[in-house]
Amino acid sequence: MEEEAEKLKELQNEVEKQMNMSPPPGNAGPVIMSIEEKMEADARSIYVGNVDYGATAEELEAHFHGCGSVNRVTILCDKFSGHPKGFAYIEFSDKESVRTSLALDESLFRGRQIKVIPKRTNRPGISTTDRGFPRARYRARTTNYNSSRSRFYSGFNSRPRGRVYRAGLERHHGIPLTKKSVY
């Protein structure tokens with residue numbers, strides 16, 4: 001028992017020493033890139049859509065190998081389920097490879113027709129979901145309640161669509177209503 005305890009202490013000391021040491025020069029850990037570096041890397045990258053869910057990075061690299069030297073293949077996965085989302089990004093070593101890879105647009109990869117376009121750069125502060133006005137607190141100031149925008153943002157629907165059953169009134173307010181009552 002004492003020998004095992006001593007071995008365990010030695011292993012813990014070795015792990016602590018390795019944790020305190022700086023990482024080896026070949027493995028610098030997570031790389032933090034500036035915006036300019038990200039834009040430059042995005043200029044050398046492509047988006048590949050309609051990728052088969054069972055595809056691997058090695059298969060994608062082999063498919064695009066003729067276009068140029070591949071630095072990185074990223075297959076995006078859902079963060080909750082871990083399943084692939086069906087698209088990937090491929091980063092090449094030079095910008096010319098992006099132009100040559102566009103020739104593979106609509107080519108077959110694992111029996112599926114893939115979509116290949118240059119990767120766009122996300123700029124900080126610009127969102128594709130931002131429509132220029134606050135969505136949650138917007139109140140329509142028009143008197144025309146039939147316009148689609150005023151109905152959507154004012155919080156009420158001026159005319160319910162279809163049949164609306166009010167069976168819940170009987171339970172909450174004691175008002176007896178038949179099952180097919182409509183207001």
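Here are some worked exercises on a predicted model of one protein chain.

**Exercise 1: Get your bearings**

Describe the secondary structure of the chain and the order in which its elements occur.

*Solution.* Start with the totals: the chain has 6 helices and 6 strands. Then walk along the sequence, where the pattern reads α-α-β-α-β-β-α-β-β-β-α-α. Next, look at burial: of the 183 residues, 17% count as buried. Finally, turn to contacts between residues at least 6 apart in sequence; 52% of these join residues at least 24 apart.

**Exercise 2: Lay out the sheet**

Work out which strands stand at the edges of the four-stranded open sheet, and why one side of each is left without a neighbour.

*Solution.* First, write down the order, which is S2-S3-S1-S6 with antiparallel pairing. Second, look for strands with a single partner: these are S2 (70-77) and S6 (115-118), so each of these edge strands has one side without a neighbour in the sheet. Third, check the twist: neighbouring strands are turned by 20 degrees against each other on average, with direction ignored.

Now zoom in on one pairing. As a reminder, strands of a sheet pair through backbone hydrogen bonds, either parallel or antiparallel. S1 and S6 run antiparallel and are joined by 4 bridges. Within this part of the sheet, glycine 49 stands opposite lysine 115 in S6.

**Exercise 3: Classify the ring pairs**

Find the aromatic pairs that involve phenylalanine 87 and decide whether each is tilted or edge-to-face.

*Solution.* The count for the model comes to 3 aromatic pairs. Take tyrosine 47 and phenylalanine 87: their ring centres are 5.5 Å apart and their planes meet at 40 degrees, so this pair is tilted. It links distant parts of the chain, since tyrosine 47 belongs to strand S1 (residues 45-49) and phenylalanine 87 to strand S3 (residues 84-92), 40 residues apart. Now take phenylalanine 87 with tyrosine 89: here the centres are 6.0 Å apart and the planes stand at 85 degrees, which is over 60, so the pair is edge-to-face. Put together, ring pairs link Tyr47, Phe87 and Tyr89 into a cluster.

Burial comes next, with the cut-off for buried at under 20% relative accessible area. Phenylalanine 87 has 19% and is therefore buried. Tyrosine 47, at 24%, is partly exposed, and tyrosine 89 is partly exposed too, at 23%.

**Exercise 4: Spot the charges over rings**

Which charged ends sit over the rings of tyrosine 53 and tyrosine 89?

*Solution.* Over tyrosine 53 you will find the charged end of arginine 112, at 5.6 Å from the ring centre. For tyrosine 89, the partner is lysine 119, whose charged end lies 4.9 Å from the ring centre.

**Exercise 5: Explore the core and a buried glutamate**

Identify the residues that touch the most other members of the largest nonpolar core, then examine glutamate 91.

*Solution.* The core has 16 residues, and those touching the most other members are Ile46, Val48, Val51, Leu60, Phe64, Ile90 and Phe92. S1, S2 and S3 each supply at least two core residues, and S3 gives the most, with 3. Beyond residues up to four places away in sequence, isoleucine 90 touches several others, including Ile46, Val48, Leu60 and Phe64.

Glutamate 91 also lies in S3. Its relative accessibility is 11%, so glutamate 91 counts as buried. Leaving aside neighbours within four places in sequence, glutamate 91 contacts Ala41, Arg44, Ser45, Val70, Asn71 and Arg72.

Note on methods
Residues are numbered from 1 along each chain as its sequence is written. This is a predicted model: local features need pLDDT of at least 70, side-chain atom pairs count only at pLDDT 80 or more; totals for chains, interfaces and linings use all residues. Side-chain values use heavy atoms; hydrogens and water are left out. Rings of Phe, Tyr and Trp (its six-membered ring) pair if their centres lie within 6.5 Å; planes under 30 degrees apart count as stacked, over 60 as edge-to-face and the rest as tilted. Buried means under 20% relative accessible area, exposed over 50%, partly exposed in between (1.4 Å probe, protein chains only). A charge sits over a ring if NZ of Lys or CZ of Arg is within 6 Å of the ring centre and within 35 degrees of the ring normal. Two strands pair if DSSP finds at least two bridges between them. Axes are lines fitted to C-alpha atoms, for helices over the stretch in contact, and angles run from 0 to 180 degrees between N-to-C directions. A nonpolar core is a set of buried Ala, Val, Leu, Ile, Met, Phe, Trp, Tyr and Cys residues joined through side-chain atoms within 4.5 Å. Contact means heavy atoms within 4.5 Å.
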